[in-house]
Amino acid sequence: MIGDIMDAEKIIDSLTSKFPEAISDTNTESERRISAYADADNIVEICQYLKDELQFGHLCSETAVDLIQKNEIDVVYHIGSYDHPVVLTLKAKLPRDKPQIESVVPVYWNANWYERETYELFGVQYKNHPDLRNLVLPDELLGDWPLRKDYEGFPQNTAKNLV
């Protein structure tokens with residue numbers, strides 16, 4: 001498929017064909033925006049396939065969403081392509097009490113910073129991350145996970161603690 005310009009439907013079809021048990025809840029939001037859930041255990045393999053076979057060579061962002069009502073945390077990847085005008089939102093569900101997922105740094109080098117930030121702010125543990133240490137929070141806030149919805153004072157309206 002290298003060199004081919006793919007549309008949203010072809011990308012979704014390729015993903016679900018390659019990973020029938022690991023890709024779910026696919027959605028074509030528009031001709032340029034698609035989304036899917038990925039099994040957390042397959043995230044590195046899926047990202048490698050996206051990069052190598054479907055030309056999704058740019059991790060635009062990686063963060064998390066605290067779904068306190070469902071007792072889960074979703075890790076959210078926005079992945080773009082320089083070869084076709086489609087952005088993929090890929091999500092992986094993790095248990096809120098022990099959110100762990102494999103690091104995608106071996107696939108997308110810039111995940112390093114995103115994963116460190118998500119670790120600090122949400123408590124997501126990235127297995128095999130090359131340098132999982134604090135990035136933005138002062139030492140006294142480490143382990144508090146200030147973007148979780150049960151954090152005292154969530155949402156914070158000022159950045160006084162971060163300056």
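**Sheet, core and ring contacts in a predicted model**

In this model, Asn27 stands opposite Ser35, a residue of strand β2. The model is a predicted one, and the description below moves from the strands to the helices, the core and the rings. The strands β1 and β2 pair in the antiparallel sense over 4 bridges, and together they form a hairpin in which 4 residues lie between the two strands. Strands of a sheet pair through backbone hydrogen bonds, and the pairing may be either parallel or antiparallel.

The hairpin belongs to an open sheet of 5 strands, whose order is β1-β2-β5-β4-β3 and whose pairing is mixed. The edge strands of this sheet are β1, covering residues 23–28, and β3, covering residues 58–67, each of which pairs on one side only. From one strand to the next, the twist averages 20°. Both senses of pairing can be followed along the strand order. Strands β2 and β5 run parallel and are joined by 5 bridges, and within this stretch Ala36 has Leu90 of β5 as its bridge partner. Strand β4, made of residues 72–80, and strand β5, made of residues 87–95, pair instead in the antiparallel sense, over 9 bridges, and Ile79 has Leu88 of β5 as its bridge partner. The strands β4 and β5 also form a hairpin, with 6 residues between them.

Two helices are placed against these strands. Helix α2, formed by residues 43–52, packs on the sheet and touches β1, β2, β4 and β5, while its direction makes an angle of about 175° with that of β5. Helix α1, formed by residues 8–18, lies across β1, β2 (residues 33–38) and β5, and runs at about 175° to β1.

The largest nonpolar core of the model contains 43 residues, of which Leu50, Leu90 and Ile101 touch the most other members. The elements that contribute two or more residues to this core are α1, β2, α2, β3, β4, β5 and α3, the last of these covering residues 111–122. Helix α2 supplies the largest share, with 5 residues. Leu90, one of the three core residues named above, is also the residue of β5 that is bridged to Ala36. For Ile101, the contacts can be listed in detail: when its neighbours within four places in sequence are left aside, Ile101 is in contact with Ala40, Ile43, Val75, Tyr77, Ala92, Leu94, Val124, Gln125, Tyr126 and Lys127.

The structure holds 1 aromatic pair. This pair is formed by Phe19 and Tyr49 and is edge-to-face, with 5.5 Å from centre to centre and 85° between the planes. Phe19 lies in the loop between α1 and β1, whereas Tyr49 lies in helix α2, so the pair ties together parts that are 30 residues apart in sequence. Phe19 counts as buried because its relative accessibility is 6%, which is under the limit of 20%. Tyr49 is likewise buried, with a relative accessible area of 12%.

Rings also take part in contacts with charged side chains. Lys93 lies over the face of Tyr37, at 4.8 Å from the ring centre. In a second case, the charged end of Arg116 sits over the ring of Trp113, at 5.3 Å from the centre of that ring.

The segment after strand β7, a strand that covers residues 125–127, includes Lys149. The C-alpha atoms of Lys149 and Ile68 are separated by 6.7 Å, although the two residues are 81 residues apart along the chain. Lys149 counts as partly exposed, its relative accessibility being 38%.

Two further residues deserve notice for their backbone angles. Most residues other than glycine have a negative phi. Asn128, however, which is placed in the segment after β7, has a phi near 65°, a positive value in a residue other than glycine. Asn128 is exposed, because its relative accessible area is 62% and the limit for this class is over 50%. Trp145, also placed in the segment after β7, has a positive phi near 50° and is again a residue other than glycine. With a relative accessible area of 28%, Trp145 is partly exposed.

Methods:
Residues numbered from 1 in each chain as written. Predicted model: local features only at pLDDT ≥ 70, side-chain atom pairs only at ≥ 80, totals over all residues. Heavy atoms only, no water. Pairing = 2+ DSSP bridges. Axes fitted to C-alpha atoms, helices over the stretch in contact; angles between N-to-C directions. Contact = heavy atoms within 4.5 Å. Core = buried A, V, L, I, M, F, W, Y, C linked by side-chain atoms within 4.5 Å. Buried < 20%, exposed > 50% of the residue type's maximum accessible area, 1.4 Å probe, protein only. Phe/Tyr/Trp six-rings, centres within 6.5 Å; stacked < 30°, edge-to-face > 60°. Lys NZ or Arg CZ within 6 Å of the ring centre and 35° of its normal.
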